[in-house]
Amino acid sequence: PRQSTGSMLEKIIPYHNGMALAAYYLAVFSLIPFVGIILGIAGLIFGVLGLKVALRNPAAGGKVHAWIGIVVGGLFGFGYLALTIVIVCAAAK
């Protein structure tokens, strides 16, 4: 039997877990240099909140989106922050 399009889309896009969805998009846009500091850290925070929602309510889904927000957002957010600190320190010498 074929699944309806609605249920397939709900498995791909977690409409019921807005925190995880926001974390995913923030993490993707955290790839932009310097703006990525704010977006990445926000993606990390939203990812943790989205993961809590997904664990409390498995029907909401979004675990993968939340983990992408945590890992990618954290990596680029703090990576660009460290890079900015290095650049500012090097320029100050």
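This report describes a predicted model of one protein chain, beginning with the overall fold and ending with a single residue, Asn17.

## Overall fold

The protein chain contains four helices and zero strands, and, when it is followed along the sequence, these elements give the pattern α-α-α-α.

Among the contacts in the protein chain with a separation of 6 or more, 69% are made by residues that lie 24 or more positions apart.

## Dimensions and surface

The C-alpha trace of the protein chain spans about 65 × 25 × 15 Å along its principal axes. The radius of gyration of the protein chain is 16 Å, whereas a compact globule of 93 residues would have a value near 12 Å.

Of the 93 residues in the protein chain, 28% are buried. The accessible surface of the protein chain amounts to about 6100 Å², and carbon and sulfur atoms account for 76% of that area.

## The surroundings of Asn17

Asn17 lies in the loop that runs between helix 1 (5-12) and helix 2 (18-29). Although Asn17 belongs to a loop, this residue has a relative accessible area of 1% and is therefore buried, since the cut-off for a buried residue is under 20%.

When neighbours within four places in sequence are left aside, the residues in contact with Asn17 are Gly50, Val53, Ala54, Ala60, Gly61 and Gly62. With one of these residues, Gly50, there is also a link through the side chain of Asn17, which reaches the backbone oxygen of Gly50 at 3.0 Å.

Notes
Residues numbered from 1 in each chain as written. Predicted model: local features only at pLDDT ≥ 70, side-chain atom pairs only at ≥ 80, totals over all residues. Heavy atoms only, no water. Helix = DSSP H or I, 4+ residues; strand = E, 2+ residues; numbered from the N terminus. Buried < 20%, exposed > 50% of the residue type's maximum accessible area, 1.4 Å probe, protein only. Polar contact = N/O pair within 3.5 Å; in protein donor to acceptor, adjacent residues only side chain to side chain. Contact = heavy atoms within 4.5 Å. Rg over C-alpha atoms; globule rule 2.2 N^0.38 Å. Areas by Shrake-Rupley, 256 points an atom, 1.4 Å probe, with all protein chains shown as cover.
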